[in-house]
Each structure stands twice: as structure tokens, then as C-alpha cells.
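Open the model in your viewer and keep the selection panel at hand. We will go stop by stop.

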Amino acid sequence: MLTLAWRNLWRNHRRTVIMLAAITVGVWAMIFMTALMRGMVDDMLHNGIRNLPGEVQIHNRAYRDDPSINNSIPAPDKNLLKALQSDTVKAWTQRVRVPAVISSERDSRGVTLLGVEPQSEVKIGFSLDSISEGRFLSDNNDDGLVIGARLAERLETRLGKRVVIMSQDPKNNIAERGFRIIGIYKAKLASLEERYVYTGLETVQTLLKMKNRVSEIAITGEDYRNVSSWYPAIEKAAGKNMQTLPWYQIDTYLSSMLKMMDGFVLVWIIVVFLALSFGLVNTLVMAVFERVHEIGLMQALGMRPSMILYQILLESLLLLIIGLLAGNVLAIGTVIPLQDGIDISAVAEGMEMMGSSSILYPALKLNDMLLANTVVIFLGVLTSILPAWRAARFDPVEALGKE
Amino acid sequence: MTAIVCKDLCKTFQQGDEIITGLENVSITIEEGDFVCLSGPSGSGKTTLLNAMGGLDTPDSGQILIGNTRLDQLGKGALADMRLNKIGFVFQSYNLIPVLTARENVEFVMQVRGVPAKERASRSFKILKEVGLQGMENRRPAQLSGGQQQRVAVARAIVGHPALVLADEPTANLDTLSSSQLMELFVELNHHHNITFVIATHDVRVMRYAKRLIKMQDGKIISDDTQEQINTRDK
Ligand SMILES: Nc1ncnc2c1ncn2[C@@H]1O[C@H](COP(=O)(O)OP(=O)(O)OP(=O)(O)O)[C@@H](O)[C@H]1O
Ligand SMILES: [Mg+2]
């Protein structure tokens, strides 16, 4: 039966080839475009998670409602340290994050002062490439200050100048000290540049008399999609007194973007399929009506209508599978050379606003490919049922008698 | 045992405003192992009658029994099964599946029946040799002459040793020699395997082989003679 389906397929070479090409291109479009969109969203999510920072954060339970210095947490204890050393954790860092006022000779502004561990901060999110002038912090008690380019502009200050930072310690006493600006960074979002100023973790802890307590612990794994597999272990180690949250709960905008993307991929795949299905149905209908005689003959010889139906479906399935194979190969073949990124800065100036880079890295996901293939096979067979059913209902006498 | 019983078959066709009579009160009883020729001018209803007997077409009224089974009581699937297992067909036209080779065409019925590949191959090889198509097993229908195609169809009809063979003009495209060879084969199968044959034909050479000759005209049976009767009448 397979032989019959196969030979029937190649009866009208041109039609089959055209249809195959259509399926191939359709499948390619599904997968390739999906990879591009995935790449874009991946990038946005990466940037988003980098800015949080971390895929998982540990805070004081009250911190989310009131992110003040009072709601700090102790440095990780033995238990938590052990959990943080597991293989699933790629990097982790602790930071103090407090509201502060920064003043230059000319102006002052409200900012968020971050006391960070420079080495691990870099691993988790801060990009050294973003330093446009000067240098980043060197160690935990570095008392230099790294500020955004935009903020420097607003304060009318520059590298090497001194500024004063003022904040409150846990006892609500004003704490202030002078800092020298040792580095200027540029961020993708101007608002970030104006908001965050970095200095060493211990410098802030001393300034605010908070011993070795911190505001948050940020942790990153290998893949942001797998967070749910490992963060419960961290949560357990952190204990009930602390709140351990994955990125999708910290930033619901980011997670809704991922969900929207999943929906969008499905819609895209189905839209391409619909375009394909017209061609597919048309091909099959033509194939069936061309073969009225022999379908009648097969029935007359004792092939049950259900077997005729199966025969036609088999033919369509063959067509789909070959097209799918070719489409997948083509998609993989076009994505791999683009793995190093496509420069879309020319067309995507506005995109940076949304947190996307100007270099697009297509992301081919096994799940997306499986989805595309399943949709094509499943809906393909479904749409083939109509012409196949018509064929199964031919009246053998009439079919044989037709000249 | 009777192979087929037809009772008061009527069939009309509508063509535009015209009503054409296909069969009019046809009743025949064919015994198992009989060798029947249906003859009559073109349009006399031979094909229509064969189609009705094979369950391909339902008469407007009347009954057909094959063995003990009433055809009008069978569903589409059961009719298909009956054709598959009991009847060998040779049609007047469009006999072969164009994408399959001669051998595959012969094997088609056996394949649908689920006969194992090995047995199919040996049987089809043997039967193709018997109908004189040795060496052409792997040709497609388009690479065979009309007569050769007809012989492939005959081979397919008899390869599964059906109880009944319904053949519509099996010799239409054959030369004298081939058609007599084919008829000898039919006679032999009829003789040795007790296969019942019903053959519609214009060909007098074919009619000579008949044990029973039924003449039709305008959808009616006008004469029904055994070979002896024919012979005595001819004398
Ligand atoms: N599908 C149909 N639609 C309309 N009329 C039909 C149809 N099939 C057969 N007929 C008519 O029924 C009559 C009997 O046809 P049938 O095919 O049985 O003749 P036949 O004896 O087989 O002729 P031939 O020797 O030419 O094959 C003819 O008048 C024919 O035109
Ligand atoms: Mg006829």
C-alpha cells in the first residue's frame, strides 16, 4: 500500500514537487521565523533578567512591600551557602540596595545605591563592556563610585570628580560620605543610567552600619527557562524567614512576555499552515479526481471504502513527511550560519527601547520545531480527510464508466 | 448448489428527460461450476447485469443471491469483502492500476486480502506465465498492449481462485490465438477448480466454449440455451 501511495505521489511530478516546495518553504518559514522571534524575546528576557538581576532572588519577606534598609537579610548561612555552591547555580551575588541622594557641586538627585561584590556582580549581570570611562569596582571594599553616563550629565560632573551620597541607616540616622567617581557606564535603557550607582558592598555596609547584612541575594542558573527545576532547593535552604522568588514572579511583565511569545509562535505556525492547507487540499482534490477510474476499480475489486480513505491519507502523509523533513533541514541549515547573530541595528533602532539588542541571535528550540511538525502532520492529515472521504464515496460503476 | 440467483431484476437509467431501460425483469439461476456466456447487441444490458451480480450496482427492484447471501442486505463494506473474497472481475475498460506493474496489479487483490508476500509472488509469477506474459511482470500497464493488459486483468481475476468470475468482454482486445488460449485457460479453471464463469461477449468464438448461452436484448433475456440445445438447433 505504501508502494502504491509512493508511486501515486510521483505520477504528477510537477504538482508534487510544487507542493513539496510549498510545504518545505512553509515549514521553513514557521521554524525560521519562530527562531528569530524566540531569539528576540530571549534577548529581551536575558536583558531583563540581567537588570533584575538574577534568575532567582532572596529577600526579607517584607522587602517587596517595603524595600528599605530595615528589611535586610543576614549573609548566607552554612546551609544556604551549600545550596548556592551546587552545580545548578552558575553564579550568585549579594548586594545592598538602598535609596540615596547623590549630590555634585551643581545638582542633586535621588538614586538607588547598590553595594555590590564586583566579581560576582559581573558574572550575574553587570557587563564590563558597558563601562565607557574609567573602570568598574575592583573589590568589595572599593570605595569608588560607578555611575551612569546620563546621571553624570545631569549632575554636570565627570570621571574623577567627587560627589556626596546621603542615605539613612537602619536607625534612621542620616549617613553620608563623599565618593570619587571612578567609572561611568552606559546602559541600554537611559532610565537605568540615571537610577543605579555602584560601589563596593562593604563600603555601603560600613556606611550604613549594617554589619554584614544585605538587601538581596541574586542567583543565576544555566537557562532561565529551567529555573523552576532548581530554585525550590535554594528556597528550602534559605528557610521560611526569607522569600525566594524566581524571575517570573519578580517581574511579571517579563514572564507575560514569554507567555505571549508562546501564543504568538502557535498563531504564526497555524497561520502559515492555513496558507499551506489550501495548496494541500487542492493538490489532493486534483489527485483524487484524476484517479476516479482507478479508485473505482480498487473499490470494485473489493477494497473497502475505509481502505481507500486510508490510502489517500497515506499519500498525503508521505507528502507531508517529505516536506517536513526538507523544511526542517532547510530551517536548521539557515539558522546555523546565523548563530553568531544578525545585525539588525539598521531596522531596529526603536527595539532597544523594548530591551532588545541590535544583534539578533536566532534561537532554534526543539520544542518549537516539535510544535511546528506536530501541527503540520496533525492538521495536514485532518485537512486531507475531506478529499480522501470524497474518494471513498465514489460509486464504483460510475467511476469505472466515466470516459 | 446454485452460484447466483437473480429474481426479477429491473434497472433503469435516467439521462436527461430520457429513461433508459438497463434491465427488465431479468431472472436467471446459475449453478455452481457453470460456464455461462451473455451475448447480445451493444446496449442490451450485459454490463449492467454483470455489475448487479457483482454487487457493484444495485438494481431498482428484484433480488440477487450469491450462494446464500442476499446482496441487498449487505452494507458497503461487506459487499466489498464479498467481491474481494468470492469474485474475480474482468472489466470492459479501465482494468489496471496504472502506477503498479503487471505483477503488482495481479497481486493487488491478494494483497488487500492479506496474503503473505512470498505466496503472492509465486502465485502471480505462475499465473502471468499461464496467460503468456512471462518476462513482462515488471512492466507498467502503459508499456503493455491492449491485449496484454487484458490478460493481466484476467490473471488478476483468477489468481485468487474465486468462486465466481465475472468477465466483461475479456477477449475484446485479443487476437484469435490469444483469445482461444485464454478461453482454454478459463475452461480448465472451470473444470479443475470448479470456478463458475459468467462472460459477457460479442465474440462468437467465445460463445463456442459456453456450456450455457444467454442472449439479451433491450434489457431482457430472449433466449437461454444449454450447449446441447445450441448444437441440436444448429444441426
Ligand atoms: N450509467 C449509465 N447511465 C445511463 N445509461 C446507462 C448507464 N449505464 C448503462 N446505461 C444504458 O443501459 C443500457 C445497457 O447498457 P450496458 O452497458 O449494460 O450494455 P452492454 O450490453 O454491456 O453493451 P456493450 O456490449 O456495448 O458493452 C444501454 O442503453 C446504456 O446506454
Ligand atoms: Mg458492456
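Two strands count as paired if DSSP finds at least two bridges between them. Keep that rule in mind for the strands below. Note also that this is a predicted model.

**Stop 1: the start of chain B**

Select strand 1 of chain B, residues 2-15, and strand 4 of chain B, residues 61-66. They run antiparallel, joined by five bridges. Now pick B:Lys7. Which residue stands opposite B:Lys7 in strand 4 of chain B? B:Gln63 does.

Add strand 2 of chain B, residues 18-31. Strand 1 of chain B pairs with strand 2 of chain B too, in the antiparallel sense, over ten bridges. Show B:Thr12 and B:Thr21: they stand opposite each other, with B:Thr21 in strand 2 of chain B. Follow the chain through the turn. Strand 1 and strand 2 of chain B form a hairpin with two residues between them. Stop at B:Gly16 in that turn; its phi is positive, about 65°.

**Stop 2: the six-stranded sheet**

Stay in chain B and colour the open sheet of six strands. Its order is 6-7-8-3-9-10, and the pairing is mixed. Which strands are the edges? Strand 6 (87-90) and strand 10 (220-226) of chain B; each pairs on one side only. Averaged over the sheet, neighbouring strands are turned by 15° against each other, direction ignored.

Zoom in on the strand 10 edge. Strand 10 of chain B pairs with strand 9 of chain B, residues 212-217, in the antiparallel sense over six bridges. Label B:Lys215, then find its bridge partner in strand 10 of chain B: B:Ser223.

Move to the strand 6 edge and show the helices there. Helix 2 of chain B lies across strand 6 and strand 7 (164-168) of chain B. It runs at about 85° to strand 6 of chain B. Next, select helix 5 of chain B, residues 146-159. This helix packs on the sheet and touches strand 6, strand 7 and strand 8 (196-200) of chain B. The direction of helix 5 makes about 175° with that of strand 6 of chain B.

**Stop 3: where chain B meets chain A**

Show both chains and select the contact. Chain B gives 28 residues and chain A gives 25 residues. Together they bury about 2200 Å², 65% of it on carbon and sulfur atoms. On the chain B side, highlight B:Tyr94, B:Val99 and B:Phe108. These three lose the most area to chain A, together 28% of what that side buries.

Switch to polar atoms. How many salt bridges are there between chain B and chain A? The count is one. Display B:Asp81 and A:Arg304, which form a salt bridge with the closest N and O atoms 2.6 Å apart. The interface also shows three residue pairs in polar contact, both residues at pLDDT 80 or more.

Colour the chain B side by element. Helix 2 (76-86) and helix 3 (102-113) of chain B are the elements that give two or more residues to it. Helix 2 of chain B gives the most, with seven residues. By type, the residues of this side divide into 15 nonpolar, six polar and seven charged.

**Stop 4: a salt bridge within chain A**

The whole structure has 27 salt bridges over all chains. For one of them, centre on A:Arg95 and A:Glu121, with the closest N and O atoms 2.7 Å apart. This pair links distant parts of the chain, 26 residues apart. A:Arg95 is in strand 2 (residues 91-103) of chain A, and A:Glu121 is in helix 4 (residues 118-124) of chain A.

Definitions and conventions
Residues are numbered from 1 along each chain as its sequence is written. Chains are lettered from A and ligands numbered from 1 in the order in which they are written. This is a predicted model: local features need pLDDT of at least 70, side-chain atom pairs count only at pLDDT 80 or more; totals for chains, interfaces and linings use all residues. Side-chain values use heavy atoms; hydrogens and water are left out. Contact means heavy atoms within 4.5 Å. Buried area is the accessible area (1.4 Å probe) that two parts lose on being put together, summed over both. A salt bridge is a side-chain nitrogen of Lys or Arg within 4 Å of a carboxyl oxygen of Asp or Glu. A polar contact is a pair of N or O atoms within 3.5 Å; within protein, one must be able to donate a hydrogen and the other to accept it, and residues adjacent in sequence count only if both atoms are side-chain atoms. Helices (H or I, at least four residues) and strands (E, at least two) are DSSP runs, numbered from the N terminus. Ala, Val, Leu, Ile, Met, Phe, Trp, Tyr, Cys and Pro count as nonpolar, Asp, Glu, Lys and Arg as charged, and the others, Gly among them, as polar. Axes are lines fitted to C-alpha atoms, for helices over the stretch in contact, and angles run from 0 to 180 degrees between N-to-C directions.
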